[in-house]
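Pull up the fold and let's walk through it together. We'll go piece by piece, with the odd detour to a residue worth a click.

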Amino acid sequence: MTTERDHHFMGLAIAQAQAAAAAGETPVGAIIVDPASDAVIAEAGNAPISGVDPTGHAEIRALRLAAQKLGNYRLTGLELFVTLEPCAMCAGAISHARIGRLVFGASDPKGGAVEHGPRFFEQPTCHWRPDVLGGVQAEEASAMLKSFFKARRGK
């Protein structure tokens, strides 16, 4: 069930996605929140191009920032809000970080790995499974991606 709180934090992730798009990156944004205090621990947008880093997805960047800030690679119990369904690489990192709850916006039938593709968290080899809520502000996140790629194709 989606709450007003979920919409608030997804709005912050959308702002990160908009910043990524303004920088010429695919518009995906991520926020990591401590549910005990509702403090934002880390926020990031996609930056594989500007960072010259194939792992520069918003989720990975936010996980790295949160781990550095907290001094621990385990982010047990924290929440990750991301505008697009995570890919396999990001789902693996989310599992390794022990994120407690994953909230994502738009589904990604082509590259997603939570509801689509390998369904990473359903695999027997997955050692940690966050609670997952998809579809929060999906229309807005999806429209931003479609608009970005339409402009890139010049149509």
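Let's start with a single residue. Arg119 counts as partly exposed, because its relative accessibility is 38% and the buried class stops at under 20% while the exposed class begins over 50%. You'll find Arg119 in the loop between β4 and β5. Its backbone is a bit of an oddity: Arg119 isn't a glycine, yet its phi is positive, at about 45°. As background, most residues other than glycine have a negative phi. Keep in mind throughout that this is a predicted model.

Arg119 has a companion in this respect. Arg98, also not a glycine, takes a positive phi of about 65°. Arg98 sits just after α3, in the loop between α3 and β4. So is Arg98 buried or exposed? With a relative accessibility of 18%, Arg98 counts as buried.

Now zoom out to the sheet. 5 strands make up an open sheet with mixed pairing, and the order across it is β2-β1-β3-β4-β5. At the edges are β2 (39-45) and β5 (131-134), each of which pairs on one side only. On average, neighbouring strands here are turned by 15° against each other, direction ignored.

Step across the sheet from the β2 side. β1 and β2 run antiparallel and are joined by 6 bridges. If you want a spot to look at, Asp34 stands opposite Ala39 in β2. Next, β1 (residues 29-34) pairs with β3, again in the antiparallel sense, over 4 bridges. Here Val33 is the residue opposite Glu79 in β3. The sense then switches: β3 and β4 pair in the parallel sense, over 5 bridges. Val82 has Phe104 in β4 as its bridge partner. To get from β3 to β4 the chain goes through α3, and this β-α-β crossover is right-handed. As general background, the strands of a sheet pair through backbone hydrogen bonds, in either the parallel or the antiparallel sense.

How many of the residues of β3 are buried? The count is 6 of its 6, and the strand is mostly covered. One of the elements packed against β3 is the crossover helix itself. The buried residues of α3 pack against α2 (58-70), β3 (79-84) and β4 (101-106). If you'd like to highlight them, the buried residues of α3 (residues 88-97) are Cys90, Ala91, Gly92, Ile94, Ser95 and Ala97.

Another helix to look at is α4. This helix packs on the sheet, where α4 touches β3 and β4, and its direction makes about 55° with that of β4.

But α4 also has a helix for a partner. The axes of α1 (residues 4-22) and α4 (residues 138-153) come within 11 Å and cross at roughly 5°. That's why the two helices, α1 and α4, count as roughly parallel to each other. On the α1 side, the contact is made by Ile14, Ala17, Gln18 and Ala21, and on the α4 side by Glu140, Met144 and Phe148. By type, the residues of this contact split into 5 nonpolar, 1 polar and 1 charged. The spacing of those residue numbers may ring a bell: an α-helix has 3.6 residues a turn, so residues three or four places apart point the same way.

Stay with α4 for a moment and click on Ala138, which is found in that helix. Ala138 counts as buried because its relative accessibility is 17%. Leaving aside residues up to four places away in sequence, Ala138 touches Gly105 and Ala106. Ala138 and Met10 are 128 residues apart along the chain, while their C-alpha atoms are separated by 9.7 Å.

Last stop: the loop between β5 and α4, where Gly135 lies. Which residues does Gly135 touch, not counting those up to four places away in sequence? They are Phe104 and Gly105. Phe104, you'll recall, is the bridge partner of Val82, and Gly105 is also touched by Ala138. Gly135 is partly exposed, with a relative accessible area of 38%. For a sense of scale, the C-alpha atoms of Gly135 and Asn72 are separated by 30 Å, and the two residues are 63 places apart along the chain.

Definitions and conventions
Residues numbered from 1 in each chain as written. Predicted model: local features only at pLDDT ≥ 70, side-chain atom pairs only at ≥ 80, totals over all residues. Heavy atoms only, no water. Axes fitted to C-alpha atoms, helices over the stretch in contact; angles between N-to-C directions. Parallel < 35°, antiparallel > 145°, perpendicular 65-115°, else oblique. Contact = heavy atoms within 4.5 Å. Nonpolar A, V, L, I, M, F, W, Y, C, P; charged D, E, K, R; others polar. Buried < 20%, exposed > 50% of the residue type's maximum accessible area, 1.4 Å probe, protein only. Pairing = 2+ DSSP bridges. Right-handed = clockwise from strand over helix to strand, strands pointing away.
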